[in-house]
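Visitor: I would like to learn how to read the contacts in a model like this one. Where do we start?

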Amino acid sequence: MESRRTGTINVWVTDAVTVTPFGDNLNALWLAVLAGKSAIRPLRRFAVKSYHASIASYIEDLTAPDDRSMSHALVERLVRRLDPMPPNTILITATTKSGIDNLEKLRRGIPADPADVLYSGFCEDVRRQLKLTGECFNISASCASSTMALAQGAELIASGYTDAVLVCCMDLVTEFVFAGFSALQALAAGPCRPFDRDRDGMSLGEGAAALLLMNSEHARLEGRPHLGTILGWAAANDAAHITAPARDGRGLRQAVLQALDIAGRNADEIAAVCAHGTGTVYNDLMELYAFNRIFDNRRLPIFSIKGSIGHTLGAAGGIEVAIGFRTLSEQTALPTVGFSSPERGAEKKVSMEPQAFSGDCLLTTNSGFGGINAALILGKGSLQ
Amino acid sequence: MGWVTATNLGCGRDNDRFELKAGKLPDISRKDVFDAPYPHFGRLDRYSRLGLSAIAFALKDAGLDRWPHPRPISIIASTVHGCLDTDLHYYDTVIPEDGRLASPNLFAYTLPNSYLGEAAIHFGLTGTCYIINETTISSLWCLRLVMLNMAGGQFETAIGGGCDLGQCPPFSTIGEKPCGALFFVIEKAIKRDCSAYGELLLDKSGMLALNGTKVSTLQTLAQNCIAALSNKKPMI
C-alpha cells in the first residue's frame, strides 16, 4: 500500500523521557509495568471522603515551589533528562488542565501565581527551562491532547515546515479533576481494570513525557538515536456525545483507518495495539468493537498501561508513545495490570502477562471528551 | 466566515466591517444564531456559546450549515483564556461540602475544546477538532495548521479561527484584551455553488496571503475578506 503522501519526509523520534510515579525515566516505567506493578494507591494530596474513589497514581514527592504550580516541579524533573535541542526547535506542549492547582489555591485564598493557570504558562515554563527560542503553542484535545500534539508535530516535519519539534505533555492529580470525574461517576472504587469484564471505571494518574521529533535526514546528520518513526497520524470526531464515546467506535475507526492510509500500511501490518483502555465500561467496549472491526477479529496483542499508572489525561498519549517504541524494540506487549477476566472481544488479545510478538508497526490510540479520537502508527527504530 | 465581537455578530457576507477589540460581548440567545430549536444552548457556558455561535455563522456563510449526512470537516481553534470562566464557576461548586456538590454538567465544559464537540454534534462534523493555546487570540497558527494538514491529506475542509472571552481576573495581565470569536471556513476546492472570498496560500516561511496580500492576524484576514467582496483595497 502506498502512502497518501508524496515525497515523504520521515519523522523520527530521537529522544523520549517520562516522569511517572515509577521514577524519572522510561526504563523504570517499562520494568515496573512489565513486572505487573501498579502505582495506584490511597490518595493523600487532598481530602477524598466525599468522592466515589479514594485512590490515584501520583508522584509522592512532587511539591509546588513557593507560589508556583506543581506543574513547574514536574516540568523541571522532565526537561533535565533531555538531550540538547536542535536550534529553532518548535515546542508543542499538551495538557488538559496544566497548572489548575494554582486556580484551586487562589479560589481558596492561598497565594499562588495566576500565570501558571493559563495554558501558555506551561508553554513558557518549558521554553524558559530549556532556553528554547523557536515558536511554541499548547494543544488541548482532552485525553488525546498529547497524541494530537505528536500528530501535529509529525505534520510540521513531514510537510517540510521545520526539522525539529519537541512535544512536552503533563497533567497532575488535582481535586479539581478528581471531583469532576467523581461527579460523573467515572472513577473506579478500586484500581482500574482495563478490558476486564468486571471493570467499573478509571483511576486518575499524573505524569509527564517529552519526545523530540526530527526530520530523519537531519537526525542522521546530527548523529541522533533513532528510537522509532511516526509513520501515520490522524484524528476524527464521533459527533455523538460530549462526555461519552460513540458506542460503535466510528470516530476511532475513522481515525485509525486514516492514520494507516497516511502511513501507507495495511491493518495486517499492525503487530500490537497500545490502547487507551481507561477501564470505564463504555470506553473499553467502544475500543474493542472498533479494533475488532479494523483487524477483522485478528488475534493481536492489545494492552493498556492505565492499570499501572492510571489515566494521565493530557500526558497519556505521550507516555504511551514512549512506551510504544520500547514495545516495538523489545517485541513484547506489556501486561494489562488489573485485567483478569476478558470482556467480550478481548479474549486472547488482552493479557495479564507480557505477550511476545513479531512485527515493525504498532498502533496507539486515545479518545476523549468532545468526541475526539486520535491514532498514531509507530514504526520500529534502528537501535539495538 | 462568521464572528461574534463586542461590535457586532453574524456572517461575513452580511457585514461590511469587522473589528476585534476589548469590550462587552453580547449576551447571545439561541434565536440570534439558530433558526431551529437548540434545547440546551441557553445552558451552555459563555465560552462555548461564544465559540459555537461564531462557528455557526461561519458555516452558514459558507452554505454548510445544513447537512443530510456527517461530514469530515475539521476545526482548529485558538484561545488564550479558554474556559477559565467555566473553570471558576465549576470549582465554586467543589469548594462547599468537600466536593459533594461538584457539578458534573459544568465539569464537562472545563476543557477548552468541549465546544468543538458541541459544534461537531450539532453540525455533523467528523474531522479533527482541537484547540491551540497561545498568548494572543489573533495569531495565525490555527490557520497555518489548517493549511499544513490540508496539504498533507488529512482533510479537505476545515474551520479555523479563535475564541476568547478576554480578560479573566486575576488570570490575565493588566489591561483590557481583545475578545470575541472569529472563524473562517477553508476548503481545498469548492465543490458547491458558493463563491469564495479568495485564495489563501501558505509559504514555506509560514506567511499567509489572501489573494496575494500578506495577512498578519486573524482580524486583518477578516478585513481583507470583506474588502475582497467589495473590491476595496485590502488592509496589510
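Guide: Start with strand pairing. Two strands pair if DSSP finds at least two bridges between them. Keep in mind that this is a predicted model.

Visitor: In which sense do strand 5 of chain A and strand 4 of chain B pair, and over how many bridges?

Guide: Strand 5 of chain A covers residues 136-140. This strand and strand 4 of chain B pair in the antiparallel sense, over three bridges. For one position to look at, take Ser140(A), which stands opposite Ile131(B) in strand 4 of chain B.

Visitor: How do I judge the whole interface?

Guide: The size of an interface is often given as the accessible area lost when the parts come together. Here chain B and chain A bury about 4700 Å² between them. Carbon and sulfur atoms give 62% of that area. In residues, 53 from chain B are in contact with 56 from chain A.

Visitor: How many salt bridges and polar contacts cross between chain B and chain A?

Guide: For a salt bridge, look for a side-chain nitrogen of Lys or Arg within 4 Å of a carboxyl oxygen of Asp or Glu. The rule finds four across this interface. One of them joins Glu135(A) to Arg144(B), with the closest N and O atoms 3.9 Å apart. That value falls within the 4 Å cut-off. Polar contacts number 24 residue pairs, both residues at pLDDT 80 or more.

Visitor: Which elements of chain B give two or more residues to the side that touches chain A?

Guide: They are helix 3 (84-94), helix 4 (104-107), helix 5 (114-123), strand 4 (129-133) and helix 6 (141-151) of chain B. Helix 3 of chain B gives the most, with seven residues. By class, this side of chain B divides into 27 nonpolar, 17 polar and nine charged residues.

Visitor: Can the same reading be applied inside one chain?

Guide: Yes, between domains. The domain assignment of chain A gives domain 1 (11-221) and domain 2 (229-380). Their C-alpha centres lie 19 Å apart. The contact takes 61 residues from domain 1 of chain A and 60 from domain 2 of chain A.

Visitor: How much area do domain 1 and domain 2 of chain A bury between them, and which three residues of domain 1 supply more than any other three?

Guide: The two domains bury about 4800 Å², with 69% of it on carbon and sulfur atoms. On the domain 1 side, look at Trp30(A), Phe195(A) and Arg199(A). They supply 20% of the area that domain 1 of chain A buries against domain 2 of chain A.

Visitor: What is the count of salt bridges between these domains?

Guide: Two. Arg199(A) also forms a salt bridge with Glu343(A), the closest N and O atoms being 2.8 Å apart. Polar contacts between the domains come to 26 residue pairs, again both at pLDDT 80 or more.

Visitor: Which element gives the most to the side of domain 1 that touches domain 2 of chain A?

Guide: Helix 5 of chain A, with nine residues. This side of domain 1 of chain A has 36 nonpolar, 16 polar and nine charged residues.

Visitor: How many salt bridges are there over all chains?

Guide: The count comes to 30. Among them, Arg108(A) and Glu175(A) meet through their side chains at 3.0 Å, N to O. Arg108(A) lies in the loop between helix 3 (100-107) and helix 4 (119-130) of chain A, and Glu175(A) in helix 6 of chain A, so the pair ties together parts 67 residues apart in sequence.

Conventions: Residues numbered from 1 in each chain as written. Chains lettered and ligands numbered in written order. Predicted model: local features only at pLDDT ≥ 70, side-chain atom pairs only at ≥ 80, totals over all residues. Heavy atoms only, no water. Contact = heavy atoms within 4.5 Å. Buried area = accessible area lost by both parts, 1.4 Å probe. Polar contact = N/O pair within 3.5 Å; in protein donor to acceptor, adjacent residues only side chain to side chain. Helix = DSSP H or I, 4+ residues; strand = E, 2+ residues; numbered from the N terminus. Nonpolar A, V, L, I, M, F, W, Y, C, P; charged D, E, K, R; others polar. Domains from an automatic or database assignment.
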